[in-house]
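Good morning, and thank you for making time for this presentation. I would ask you to keep the sequence and the structure in view while I speak.

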Amino acid sequence: MQIKHLTGISDLETHDIYSILEKSLFYSEQVKNKKPIHPLLQDSLVANIFFENSTRTRFSFEVAQKRLGANVLNFDEESSSLAKGESLYDTLKTFESLGIDIAIIRHSDDNFINSLRENFSFSTINAGAGKNEHPTQSLLDLFTIHQEFKTFEGLKICICGDIQSSRVAKSNIRALKKLGVEVYLTGPEILLPKSDEIEDHCTLLELDKAIEISDVMMFLRIQHERHQTFEIPIEEYNKKYGLNHERLARMKERAIIMHPGPVNRDVEILSELVEHEKSRIFKQMENGVYTRMAILEWIMENNR
Ligand code: CP
């Protein structure tokens with residue numbers, strides 16, 4: 001049997017992306033209308049194995065798994081035998097021996113999750129890999145954008161902030177490229193990709209220009225834990241690179257505000273704007289469940 005994985009956007013053809021978005025819509029309607037959901041994973045064992053903190057990804061995966069009837073194992077690093085010196089490899093070998101079908105893994109290393117593909121008999125889903133990729137966040141972002149505009153054609157999307165550290169930005173840039181979307185990148189110069197690293201469909205633009213022409217303004221958290229050299233007072237960051245009332249007023253009428261979370265209120269976005277009518281931040285979190293249900297189904301179907 002061929003084992004399907006989702007460790008990066010390169011695992012997805014454009015038709016896979018559209019199929020996951022269509023299925024996410026189906027699950028959103030089933031859940032909202034309290035309609036029955038086929039327990040697709042009732043005979044499956046799924047393990048959530050997180051080596052980095054998480055609230056949204058970790059729990060929306062668990063909700064998605066439970067809605068699909070899965071048997072769920074939740075790994076806790078602190079109480080695991082890793083604390084007694086067991087290796088990561090042996091920890092995952094243990095889960096394989098227990099018979100898991102799917103592992104949802106988050107790890108601080110850029111390449112660790114990808115390296116598991118050939119070594120284990122379970123499907124691997126990347127729930128956040130270092131600064132490299134976060135494909136399930138990207139898919140829920142795409143679902144949220146598609147829900148809003150019903151198409152990707154002609155959209156202009158601006159990603160603002162700590163792009164260098166952001167696995168969400170990397171996955172979104174790769175996915176939006178597949179969909180032909182124009183992407184603007186903006187933020188503190190030191191946190192932007194170098195000019196020779198910028199993908200050909202991305203354009204570096206000043207925030208005050210991008211905000212007037214973008215359909216989606218996607219703000220990112222400053223990931224202080226991933227770099228030591230960037231220090232800037234909160235008010236100064238918001239004034240230069242964040243969303244405030246003055247910039248909000250210059251957004252297009254139908255433009256929306258997104259952020260993968262967690263949000264540093266008053267830094268990337270003024271606190272009172274986090275729940276503004278243009279904001280889809282909590283909608284993104286809700287959509288994370290539907291999209292992850294669709295991703296689990298996509299994995300199961302392709303494992304057959
Ligand atoms: N967006 C995201 O990955 O959030 P968590 O770190 O809470 O999972």
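Directly after helix α3 comes Gly99, and the phi angle of Gly99 is positive, near 95°. Please bear in mind that this is a predicted model. Helix α3 itself covers residues 88-98. Which of the residues of α3 are buried? They are Thr91, Leu92, Phe95 and Glu96. These four cover an arc of only 145° around the axis, so they sit on the same side of α3. The general background is that an α-helix has 3.6 residues a turn, so residues three or four places apart point the same way. What, then, covers the buried residues of α3? The cover includes the strands β1 (45-50), β2 (71-75) and β3 (102-107).

Phe95 brings me to the aromatic rings. Ring pairs join Phe95 with Phe51 and Phe75 in a cluster. In the structure as a whole there are 7 aromatic pairs. I should like to single out Tyr18 and Phe152: their ring centres are 6.2 Å apart and their planes stand at 65°, and since planes over 60 degrees apart count as edge-to-face, so does this pair. Tyr18 belongs to helix α1 (residues 14-32), whereas Phe152 is in the loop between α4 and β5 (156-160). The pair therefore links distant parts of the chain, 134 residues apart. Are these two residues buried or exposed? Tyr18 is partly exposed, because its relative accessible area is 35%. Phe152, by contrast, has a relative accessible area of 1% and is therefore buried.

I turn next to helix α4, which spans residues 135-149 and contains Asp141. Asp141 is buried, yet it has no salt bridge. How far away is the nearest side chain of opposite charge? That side chain belongs to Arg292, and the distance is 8.0 Å. The side chain of Asp141 does make a polar contact of 2.9 Å with the side chain of Asn172. Setting aside neighbours within four places in sequence, the residues in contact with Asp141 are Val168, Asn172, Met218, Met258 and Gln284.

The next residue for consideration is Ile173, which is part of helix α5 (residues 167-178). Ile173 counts as buried because its relative accessibility is 8%, and the limit is under 20%. Which residues does Ile173 touch, if those up to four places away in sequence are not counted? They are Ile159, Val183, Leu185, Glu199, His201 and Cys202. A further distance may help you to place this residue: the C-alpha atoms of Ile173 and Tyr184 are separated by 9.6 Å, with their positions 11 residues apart along the chain.

Let me now come to the charged pairs. How many salt bridges does a search of the whole structure find? The search finds 16. One of them is formed by Asp11 and Arg117, with the closest N and O atoms 2.9 Å apart. This pair links distant parts of the chain, 106 residues apart: Asp11 is in the segment before α1, and Arg117 is in the loop between β3 and β4 (123-129). Asp11 counts as buried, at 15% relative accessibility, while Arg117, at 22%, counts as partly exposed.

Another salt bridge joins Arg250 to Glu212, where the closest N and O atoms are 3.0 Å apart. Here too the pair links distant parts of the chain, 38 residues apart, with Arg250 in the loop between α8 (245-248) and β9 (256-258) and Glu212 in helix α6 (residues 207-213). Arg250 is partly exposed at 24% relative accessibility, and Glu212 is partly exposed as well, at 42%. Both residues take part in a network of salt bridges that also links Asp208, Glu246 and Arg247.

My final pair is Arg265 and Glu275, a salt bridge whose closest N and O atoms are 3.4 Å apart. Both residues lie in the loop between β9 and α9 (281-303), so the pair ties together parts that are 10 residues apart in sequence. Arg265 counts as partly exposed, at 38% relative accessibility. Glu275 counts as exposed because its relative accessibility is 59%, and the limit is over 50%.

Definitions and conventions:
Residues are numbered from 1 along each chain as its sequence is written. This is a predicted model: local features need pLDDT of at least 70, side-chain atom pairs count only at pLDDT 80 or more; totals for chains, interfaces and linings use all residues. Side-chain values use heavy atoms; hydrogens and water are left out. Helices (H or I, at least four residues) and strands (E, at least two) are DSSP runs, numbered from the N terminus. Buried means under 20% relative accessible area, exposed over 50%, partly exposed in between (1.4 Å probe, protein chains only). Lys and Arg count as positive and Asp and Glu as negative; His and the chain ends are not counted. A salt bridge is a side-chain nitrogen of Lys or Arg within 4 Å of a carboxyl oxygen of Asp or Glu. A polar contact is a pair of N or O atoms within 3.5 Å; within protein, one must be able to donate a hydrogen and the other to accept it, and residues adjacent in sequence count only if both atoms are side-chain atoms. Contact means heavy atoms within 4.5 Å. The arc is that of the directions from the helix axis to the C-beta atoms. Rings of Phe, Tyr and Trp (its six-membered ring) pair if their centres lie within 6.5 Å; planes under 30 degrees apart count as stacked, over 60 as edge-to-face and the rest as tilted.
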